[in-house]
Amino acid sequence: MAKSEQSSSSSSSSMVDSAPRPWESYNTVYTNAKAGMEGVDKEKVQRIVYEMSKGSKYFENEERKEAYMKQKIENMRNHLANLKATDISHYQRVADKRIAELDTTRDLSRIWLHVDMDAFYAAVETLSNPSLKGKPMAVGSMSMISTANYEARKFGVRAAMPGFIASKLCPDLIFVPTDFKKYTYYSDLTRKVYHEYDPNFTAASLDEAYLDITKVCKERDLSGGEVAEELRENVYKATGLTCSAGVAPNRLLAKVCSDINKPNGQFVLPNDRVAIMTFISSLPIRKIGGIGKVTETILKDVFEIKTCEDLLQKSSLLFALFSPSSAEFFVSVGLGLGGTEAPNVRSRKSMSNERTFSATKDEAFFNQKLVELSEMLSADMEKEDLHGKTLTLKLKTASFEVRTRAMTLQSYIRSSKDILKHASKLLKAELPVSLRLIGLRMSHFNEDKGGSGVSDPTQRTLLNFIKSGESNKETVVDEENSDPCFEHFSEIDDQNICSLNDDHENLQVIETCCSDNNNETGPSSSSSLMWLDDYKCLVCGIELPPSFVEERQEHSDFHLAQKLQQEEESEQTYKNLSFKHRMMSQKDGGVEKGKGKKKQKHAVTNGDHIPIDAFFTKRS
DNA sequence: GGGTCCGGGATCG
DNA sequence: TTCCACGATCCCGGACCC
């Protein structure tokens, strides 16, 4: 769902009388004008939300957070007031230099398209139950709403709003529970359409995607707007759902543009510097991804920055008070810059789960929760063949205070028994306490060191692929031993790989060898092994839904072809090098990372096949 | 003084 | 009647260590 559905505004309406209106200062996130929210009685919404929240633990916590933010603003104001003229001129020079540098990096050669499905979950539910059409409806529960249809939005109901408040705003509101299977199915259909325009597209979520349509525009001699029209039409034909699109020279702007003519509309920002600067000049900072409620308030209250243009005007102050990376982000927004290269395939950094319950001090209950969470986390890690080293316990107290407690272990763990053991230790130190949420997070995965090659996308070897498939079976991790992944991988028989010669047969052989620990056999097992969650390629991370049968077959073939090519080149090297050594080389090979270099890969292609490069996200 | 870890916070969908 | 989720990422400041 669009993040901007959670926008904030503490708009103060005109004071016609002097009656106290405490709700006006309650900085909720539900009152910003959004698609389908025009004409909403903002004050009424704000008053109801305030009345329903007032006095609750949640409300008290919000007030604490608010007070903290006020203090932060006060500190920054003081800091600002203490700046000397020499300081300011110094930071002005720093800012000007950086702005000039950034401006030279502007790339207007690409055309990006951001697609955003309209009220996606709600639209899917209406599709499967047409009787919901025209009635105010929300997907979610009494505790939280995922999205609301446009009829419900007229009442001020929106995403991330608790259901009990929503039903107060709209007593006839129909609640439909979330059904991710359904959304994934429709999401797959949309992605099949996206794939036709950019096989390398990036899915931002089930209902959002970024497409580089530069090539399509060129090849078919179409404008970005024409491609967007056609794509939206095709999405509608494929799913019966409408979407909105934004076309712009970079992803950041495309995202902003897709929100402008929502729902079922589009907006094109031409690849022209003047047009961009004009567009940016009046754009409220809150429209930018990455600038949320807090940052907006700080920029507004400390610097009087409201629009993106203001970010440039006040650049010296931003460089004086923020970290260099934050200041740089702000001025690049002011210049209308954003990502133009396809984003990197990123390896997973952490995995977590958490559960909310009614607040309690019952330690037996906590332990039971920890058992459940440990088992869930362990199972999730097993699915992706991960072992982690840092375990973080997350707690939310009855008063909504969030605490995290982490420990980094000597070795990697995965079993629920190990997770539970350490999680219990962490929790014990916090007792007694009244809690409403417990969560567990694992990070610092063995993959960080190149365990399955994902951390360095330039090193995608079939060997690693097979290893990740093979290692799906449970290994008992002995904490005293070294990195479990090494022993694990040593079980792989390189011979099986090196002796392969026919693509299709090879895949079968690999499947068979990988299927030993898997009851499945035949082609379906290949998908479950090569495709994580039956969706994401374990080798390179590209996402291809199950419906892409042919594409997935081709994709597997390419990895094989690539592997074979590599094998030919250095068969002996592969056999002789220790795995640890190879991982070191991968790390060394990653020096180009962040230097803007791209490693070109060329694979055997024919007219029927999608070039292998198309499956790999380019590195920037 | 520069890495690394930890805890908190902001943001997103 | 119901009474503010969950999973993930990035960033920052402080503590600690060499």
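Here is a short dialogue on a predicted model, covering its contacts with DNA strand C and some of its salt bridges.

Student: How are residues and chains labelled, and what limits apply to this model?
Tutor: Residues are numbered from 1 along each chain as its sequence is written, and chains are lettered from A and ligands numbered from 1 in the order in which they are written. Side-chain values use heavy atoms, leaving out hydrogens and water, while in this predicted model local features need pLDDT of at least 70, side-chain atom pairs count only at pLDDT 80 or more, and totals for chains, interfaces and linings use all residues.

Student: How many residues surround DNA strand C?
Tutor: A residue is near a strand if one of its heavy atoms lies within 4 Å of it. The closest are Ser53, Ser323, Ser352, Glu354 and Thr356. The full count is 26.

Student: Which element gives the most residues to the surface near DNA strand C?
Tutor: Helices (H or I, at least four residues) and strands (E, at least two) are DSSP runs, numbered from the N terminus. Helix H6 (163–169), helix H15 (324–334), strand E9 (350–360) and strand E12 (435–445) each supply at least two residues. With seven residues, the element that gives the most is E9.

Student: What share of the DNA strand C atoms within 4 Å of the protein belongs to sugar or phosphate?
Tutor: Some polar side-chain atoms lie by phosphate oxygens of this strand: Arg436 at 3.0 Å and Arg348 at 2.9 Å. Bases make up the rest of those strand atoms. The sugar or phosphate share is 68%.

Student: Is Asp212, the salt-bridge partner of Arg110, buried or exposed?
Tutor: A salt bridge is a side-chain nitrogen of Lys or Arg within 4 Å of a carboxyl oxygen of Asp or Glu. Here the closest N and O atoms are 2.8 Å apart. Buried means under 20% relative accessible area, exposed over 50%, partly exposed in between (1.4 Å probe, protein chains only). Asp212 has a relative accessible area of 12%, so Asp212 is buried.

Student: How many residues apart in sequence are the parts that Arg110 and Asp212 tie together?
Tutor: Arg110 lies in the loop between helix H3 (85–104) and strand E1 (112–117). Asp212 lies in strand E6 (residues 208–212). The pair therefore ties together parts whose separation in sequence is 102 residues.

Student: What separates Arg232 and Glu229 along helix H9?
Tutor: These two form a salt bridge, with closest N and O atoms 3.9 Å apart. Both sit in helix H9 (residues 224–239). They are three residues apart, so the separation is about one helical turn.

Conventions: Polar contact = N/O pair within 3.5 Å; in protein donor to acceptor, adjacent residues only side chain to side chain.
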